[in-house]
Amino acid sequence: RGRAMPGLAAMMVATACLALAGWQWQRGQRQAAADMQLAARAVHAPVMMDELPADTGAWIGRRVTLVGRVVSPPILLDNVTRNGQPGWRVHELLELADGRSVLVVRGFADQAARGALPAGAGRVDGRLAAWPGVRRVLDGPDHAGDVWQTLSPAALAAAYRVRLAPLSLIADRTDPPLQPLDTMAGRGMTPDRHYAYALQWALLAIAALAVCAALVRHPERTRP
């Protein structure tokens, strides 16, 4: 029995590694499919609208021109960096004719730009995107004034007394002194990254299977 335990452990490790390899491969395929869908939507001509369609999910990735009125001061998401420089991601809420407000992502502001943020515009060209990821705040409030630690839809709706749409708009134009955002920020891993992790797990599984085979062929090597 003592001789079989190392082989059994190696087999269990190989099984776990193969499962992780399959999981990462599937994630890569899903990400690749999502990227292709967004790329296909992005080639459509921009659409001007003053209210959102009922099926907002089908419009994620589409280029639009939203027309409405700005109903918030600049909303600053804290703990954001650009090229290693600390600052804030700047947003505003644009209320449309249907009464829903869209979170507009305007750009990045560093310390110098904090006191000179440009006024929001009632007409914004950009790309519709999913709602930004909500951070988990372990201690303290969600925000202090217009500086936020996390963009919780419920907290934003309560603070600015608006009815939020379940998506955001990434503005095409960045007005000085704002700077363009890192386009990869918050995107998550690319398909190639998932595939690379899948390959690593598969190689570990092969190594574990090789150890298992060696132990089965030469059980005497496990003796003390």
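Met5 is found in helix H1 (residues 4-42), where helices are DSSP runs of H or I with at least four residues, strands are runs of E with at least two, and both are numbered from the N terminus. This is a predicted model, in which local features need pLDDT of at least 70 and side-chain atom pairs count only at pLDDT 80 or more, while totals for chains, interfaces and linings use all residues. Residues are numbered from 1 along each chain as its sequence is written, and side-chain values use heavy atoms, leaving out hydrogens and water.

Let us compare two residues by burial (buried is under 20% relative accessible area, exposed over 50%, partly exposed in between; 1.4 Å probe, protein chains only).

| Residue | Relative accessibility | Class |
|---|---|---|
| Met5 | 46% | partly exposed |
| Leu96 | 4% | buried |

Leu96 lies in the loop between strand S5 (85-95) and S6. In sequence, Leu96 and Ala165 are 69 residues apart, yet their C-alpha atoms are 9.8 Å apart in space.

Now to a pocket. The lining of the second largest pocket (lining residues have an atom within 4 Å of a point on a 1 Å grid, and a pocket is an open set of points where a 1.4 Å probe fits, with protein on both sides within 12 Å along at least five of seven lines) comprises 15 residues, and those closest to the centre are Arg123, Val124, Ala171, Arg173 and Asp175. Strands S6 (100-109) and S7 (123-130) are the elements that each give two or more residues to this lining, and S7 gives the most, with three.
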